[in-house]
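Please open the structure in your viewer and keep the sequence at hand. The tour proceeds by selections, each followed by a description of what is found there.

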Amino acid sequence: MKNSLPLAILFVFIGFLSCNNSRNTNENAATQKEDLYFTFTIDDKEVSIPSEEISTSYNTALKKPVFKIFAGEYGKINLLLATTEDVTKPSSTPSGSKNFDDEITQGSVSLQNFPEKNYTSNSFNTNFPASSIPVPDAIVITESKRFGEKYRIITGKINVKVFGGDATNDPKVSDHIIVGKFRVKHEFSDVKF
């Protein structure tokens, strides 16, 4: 009887460790699966982009390197995000900038093919007075993690108004509120962080 108590404690401890290892295995499996997504709303109407329709680019040939996320199928509703901030850590990008060296004079967020094909609305445009004041936190990167040797998983959110231009000429052209979140993977093939 005296020997069975330590044996029971040992079994409980082994059971606890196996449950903890199982949880860690599940978390690692979720990271391996990546769970990439890009969802947003346009004036409270939900749009979800399948992960195979998300692409990224990183252009280092400009004065400031620009990281872009293109979400959506070409010719259909899609969203283009652009940031010149360091994407290896949390950061915030305004809706745009009057400074051409910032590479976002047309806006950090562009809504394309909405309300129909060939319509584009940008979060900033120096030609329209309504968009001449940059709004902070249009794109916020909340987390950036290494994934393997060359990849990063970048997680963030969007909250911005895109400007349709002069609505008096065309009733389809109007401003829209974009709110969303994303988790994307990018391969930095020519850049070491």
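The stops below cover the strands, then a cavity, then a pocket.

Please bear in mind throughout that this is a predicted model.

**First stop: the open sheet**

Begin by selecting strand 3 (54-59) and strand 8 (120-122), the edge strands, each of which pairs on one side only. They belong to an open sheet of five strands in the order 3-4-5-7-8, with antiparallel pairing. On average, neighbouring strands of this sheet are turned by 15 degrees against each other, direction ignored.

Within this sheet, select strand 5 and strand 7, which are paired in the antiparallel sense over four bridges. To view one position in this pairing, select L79, which stands opposite L111 in strand 7.

**Second stop: strand 11 and its partners**

Next, select strand 11 (residues 176-187) together with strand 1 (residues 37-42); the two run antiparallel and are joined by six bridges. Here Y37 stands opposite R183 in strand 11.

Then add strand 10 (residues 151-162), which runs antiparallel to strand 11 and is joined to it by 12 bridges. Within strand 11, G180 is the residue opposite I158.

**Third stop: the cavity**

How many cavities of 30 Å³ or more does the structure hold? There is one, and the largest cavity contains about 40 Å³ of space. To display its surroundings, select F67, I69, L81, T83, I139, I141, I154 and F182, which line this cavity.

Colour strand 4 (66-71), strand 5 (78-83) and strand 9 (139-147) next, since each of these strands supplies at least two residues of the cavity lining. By class, the lining has seven nonpolar residues, one polar residue and no charged residues.

**Fourth stop: the pocket**

Finally, turn to the largest pocket, which holds about 150 Å³ of space. Which residues lie nearest the centre of this pocket? Select K68, L80, A82, E103 and G107: these lie nearest the centre, among the 13 residues that line the pocket. Strand 4, strand 5 and strand 7 (109-112) are the elements that give two or more residues to this lining. Colouring the pocket lining by class gives six nonpolar, five polar and two charged residues.

Before leaving, keep strand 4 and strand 5 selected. Both supply at least two residues to the cavity lining, and both give two or more residues to the pocket lining. In general, the side chains of a regular strand alternate between the two faces of the sheet.

Technical notes:
Residues numbered from 1 in each chain as written. Predicted model: local features only at pLDDT ≥ 70, side-chain atom pairs only at ≥ 80, totals over all residues. Heavy atoms only, no water. 1 Å grid on protein atoms, 1.4 Å probe; cavity = no way out; pocket = protein on both sides within 12 Å on 5 of 7 lines; lining within 4 Å. Points joined across faces, edges and corners; volume = space filled by probe spheres on them. Nonpolar A, V, L, I, M, F, W, Y, C, P; charged D, E, K, R; others polar. Pairing = 2+ DSSP bridges. Axes fitted to C-alpha atoms, helices over the stretch in contact; angles between N-to-C directions.
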